[in-house]
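Trainee: I am new to this structure and would like a close look at a single part of it. Could you take one helix and explain what surrounds it, step by step?

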Amino acid sequence: MYTVAVSFDVPAARRQDFVDAALEDGRQSLAHEPGTRAFDLVADAENPDRFYLYEAYDDEAAFDTHCQGPHFARFFEIVGAWAEGPTWLLRGTSVQA
């Protein structure tokens, strides 16, 4: 499993716009990208203007497919002008025993 986590800082007036765009990206990715396994939006417990995306894919190729897809592009069309990020927190392959 290939996993990524990123953060975004969002202007207070655009929080709901960010949430709506991120959740739609997640819904569409899970429904239409076979290699997408998890897509979670997390609100920071201490900073209401910070959000995290945690995503899991079958492998790095599936993540690359997501990054080249229409849902990813639409998300950045919406948030790109005002959201700060993505700031990479982690990316890598799960280690199995």
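Mentor: What follows is a walk around helix α3 and then outward to the parts beside it.

This is a predicted model, in which local features need pLDDT of at least 70 and side-chain atom pairs count only at pLDDT 80 or more, while totals for chains, interfaces and linings use all residues. Residues are numbered from 1 along each chain as its sequence is written, and side-chain values use heavy atoms, with hydrogens and water left out.

Helix α3 covers residues 70-79; helices here are DSSP runs of H or I with at least four residues, strands are runs of E with at least two, and both are numbered from the N terminus. Within α3, His 71, Phe 75 and Val 79 are buried, where buried means under 20% relative accessible area, exposed means over 50%, and partly exposed is in between, for a 1.4 Å probe and protein chains only. Seen down the axis of α3, these buried residues fall within an arc of 55 degrees, so they line one face of the helix; the arc is that of the directions from the helix axis to the C-beta atoms. The face turned away from that buried side carries the exposed residues Pro 70 and Glu 77. The cover over the buried residues of α3 includes β1, α1 and β3.

Take α1 first, which spans residues 15-32. Two packed helices are described by the angle between their axes and the distance between the axes. For α1 and α3 the angle is about 175 degrees and the axes are 9 Å apart, the axes being lines fitted to C-alpha atoms, for helices over the stretch in contact, with angles running from 0 to 180 degrees between N-to-C directions. The two helices α1 and α3 are therefore roughly antiparallel to each other, a label given to angles over 145 degrees, whereas those under 35 count as roughly parallel, 65 to 115 as roughly perpendicular and the rest as oblique. On the α1 side the contact is made by Phe 18, Ala 21, Ala 22, Asp 25, Gln 28, Ser 29 and His 32, and on the α3 side by His 71, Phe 72, Phe 75, Ile 78 and Val 79; contact means heavy atoms within 4.5 Å. By class, the contact of α1 with α3 has seven nonpolar, four polar and one charged residues, where Ala, Val, Leu, Ile, Met, Phe, Trp, Tyr, Cys and Pro count as nonpolar, Asp, Glu, Lys and Arg as charged, and the others, Gly among them, as polar.

His 71 deserves its own look, as it lies in α3 and counts as buried at 17% relative accessibility. Leaving aside its neighbours within four places in sequence, His 71 is in contact with Asp 25, Gln 28, Ser 29, His 32 and Glu 33.

Now turn to strand β1, residues 2-9, where Phe 8 is found. Phe 8 counts as buried at 2% relative accessibility, and, not counting residues up to four places away in sequence, what it touches includes Phe 18, Phe 75, Phe 76 and Pro 86. The C-alpha atoms of Phe 8 and Trp 88 are separated by 9.4 Å, although these residues are 80 apart along the chain. Pro 86 itself is in strand β4, and a cis peptide bond, with omega of about 10 degrees, joins it to Gly 85. Most peptide bonds are trans. Thr 3 also lies in β1 and is buried, with a relative accessible area of 8%; among the residues that Thr 3 touches are Tyr 54, Glu 55 and Ala 56.

That last residue leads to β3, the strand in which Ala 56 lies. Ala 56 counts as buried at 5% relative accessibility, and its contacts beyond four places in sequence include Met 1, Tyr 2, Thr 3 and Arg 37. Ala 56 and Arg 37 are 19 residues apart in sequence and 5.3 Å apart in space, C-alpha to C-alpha.

Finally, follow the chain into the loop between α3 and β4, where Trp 82 is found. Trp 82 counts as buried at 15% relative accessibility, and, leaving aside its neighbours within four places in sequence, Trp 82 is in contact with Asp 9, Val 10, Pro 11, Arg 14, Asp 17 and Phe 18. Phe 18 thus returns us to α1, as one of the residues of that helix that make the contact with α3.
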